[in-house]
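Hello,

Here is the structure I promised to pass on to you. Have a look at it first, and then read on for what turned up in it.

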Amino acid sequence: MNVLLTGGAGYIGTHTAVELLQAGHGVVVVDSLVNSHEEALRRVERITGREVAFHRVDCTDAEAMRGVFERHDIDAVIHLAGFKAVGESVEQPLRYYRNNLDALLTLCETMDAAGVRDLVLSSSATVYGDPRRVPIVEDAELSTTNPYGNTKLFAERILDDLATADPSWRIISLRYFNPIGAHPSGLIGEDPQGVPNNLFPYIAQVAAGRRERLSVYGDDYDTPDGTGVRDYLHVVDLANGHLAAVDHLADTPGHRVYNLGTGQGTSVMEGLHAFERATGSALPYTVTGRRPGDIAVCYADPTAASRDLGWKAELTVDDACRDAWRWQSGNPGGFAG
Ligand code: NAD
Ligand code: WQD
């Protein structure tokens, strides 16, 4: 199959490209490079020994998107392009709505005109808001707490309406829990711009000596050790979830949603200790106040993905820490460095 990855130069996109290429699929990438580097795609080519067709295009540019569909015979699209920083989305809501929703609408219009109606969307566990029950099942109540989360919820609703209006669309939205880790080659990994917002990239930079200490955002949650609990998923497992989704698009028409998570919760302190095992040294931290908008506990019920897509997470948080540390220590300046 020839698969177009929008946002394919980013963290999840590059790992997905590797798994698709290694499974024998062709990969075309569209990315504006607003939050990534072309070097990441060269590394994908190095890992796989195969070529990636790259177009530096913004998904909101309808004419350029049309050009990509004219140049390539695309069978399916995985739409990863978008902005993802929660705090930034609160400060710049219009920029987030414009980019994330315009990109989706332009992509779907272009696909429709080209007669390509097989689509996988990067959604997020953020659509569950503060969950009433864990593990979270796909038909749990949806709610959001910030503009970024709204863009994911609205994207899913747009795709519901599209699939209802035209049953020739086959769409899967994947609700990722917390992706971490890096490719085991150490050649690609997460490369956050500026101060990392997320736990594991921050810990990795503490381990590398780029940040002084981790701030643990609250130890008074109703959890076993008082710190927040999440479902951390190795990015290679997540990448393979996309492969499974693409392979199953043909099974049922309509729009379906699946959780991609491990089903296991890990606390902030457990995550920190796992990283310490990977580096072999103690990492400094201070407990500070809670981060506004944070929830106590969030982890997936991944049964539906296992049943329908034949996918389940195989790797552990320790595997992810080992691979993240290999990436971080081998590439201290990220792709630009
Ligand atoms: P990322 O920032 O590394 O990758 C996103 C890519 O999209 C970047 O390469 C960026 O340059 C590109 N991009 C952004 N807007 C674009 C546009 N208009 N046109 C073309 N390219 C554009 O992020 P990621 O972690 O790889 O996330 C990929 C997707 O998964 C995003 O949609 C994100 O919201 C979603 N997601 C991520 C997480 C996470 O924790 N990483 C969790 C749940 C969902
Ligand atoms: C995990 C835990 C923090 C940083 C966010 C988005 C979500 C999704 C993934 C895309 C929490 C604690 C963190 C730090 C800390 N993205 N923490 N010190 O909050 O689950 O999810 O990223 O869809 O939408 O909201 O992930 O990695 O930021 O935090 O103590 O410096 O680590 O309080 O308990 P989160 P995270």
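**Around helix 7**

The buried residues of helix 7 pack against strand 7 (178–180), strand 8 (214–217), strand 10 (232–234), helix 9 (268–279) and helix 11 (317–330). Here, buried means under 20% relative accessible area, exposed means over 50%, and partly exposed lies in between, with a 1.4 Å probe and protein chains only. Helices (H or I, at least four residues) and strands (E, at least two) are DSSP runs, numbered from the N terminus. Packing is judged by contact, meaning heavy atoms within 4.5 Å.

Helix 7 covers residues 199–207, and 8 of its 9 residues are buried. They are L199, F200, P201, Y202, I203, A204, Q205 and V206. Just after helix 7 comes G209, with a positive phi of about 85 degrees.

Before going further, please note that this is a predicted model: local features need pLDDT of at least 70, side-chain atom pairs count only at pLDDT 80 or more, and totals for chains, interfaces and linings use all residues. Residues are numbered from 1 along each chain as its sequence is written, chains are lettered from A and ligands numbered from 1 in the order in which they are written, and side-chain values use heavy atoms, with hydrogens and water left out.

**The chain as a whole**

The chain has 11 helices and 13 strands. A compact globule of 337 residues would have a radius of gyration near 20 Å, and the 19 Å of the chain agrees with that; the radius is taken over C-alpha atoms, and the globule rule is 2.2 Å times the number of residues to the power 0.38. The C-alpha trace spans about 55 × 45 × 40 Å along its principal axes. Of the 337 residues, 54% are buried. Among contacts between residues at least 6 apart in sequence, 80% join residues at least 24 apart.

**Cores and a long-range pair**

The largest nonpolar core has 44 residues, and L5, V27, I78, L174, L260 and L309 have the most contacts inside it. A nonpolar core is a set of buried Ala, Val, Leu, Ile, Met, Phe, Trp, Tyr and Cys residues joined through side-chain atoms within 4.5 Å. Apart from the largest core lies another of 24 residues, including L4, L121, L159 and I171.

L5 touches ten-odd places worth browsing in the viewer, among them T16, V27, I78 and L80, not counting residues up to four places away in sequence.T16 belongs to helix 1 (residues 11–22) and is buried, with a relative accessible area of 0%. Which residues does T16 contact, leaving aside its neighbours within four places in sequence? They are L5, I78, A239 and H242. T16 and A239 are 223 residues apart along the chain, yet their C-alpha atoms are separated by 4.3 Å.

**Two loops to look at**

L33 sits in the loop between strand 2 (26–31) and helix 2 (39–48). L33 is not a glycine, but has a positive phi of about 65 degrees. In the loop between strand 5 (118–124) and helix 6 (147–165) you will find P135, and the peptide bond from V134 to P135 is cis, with omega near -10 degrees.

Enjoy exploring!
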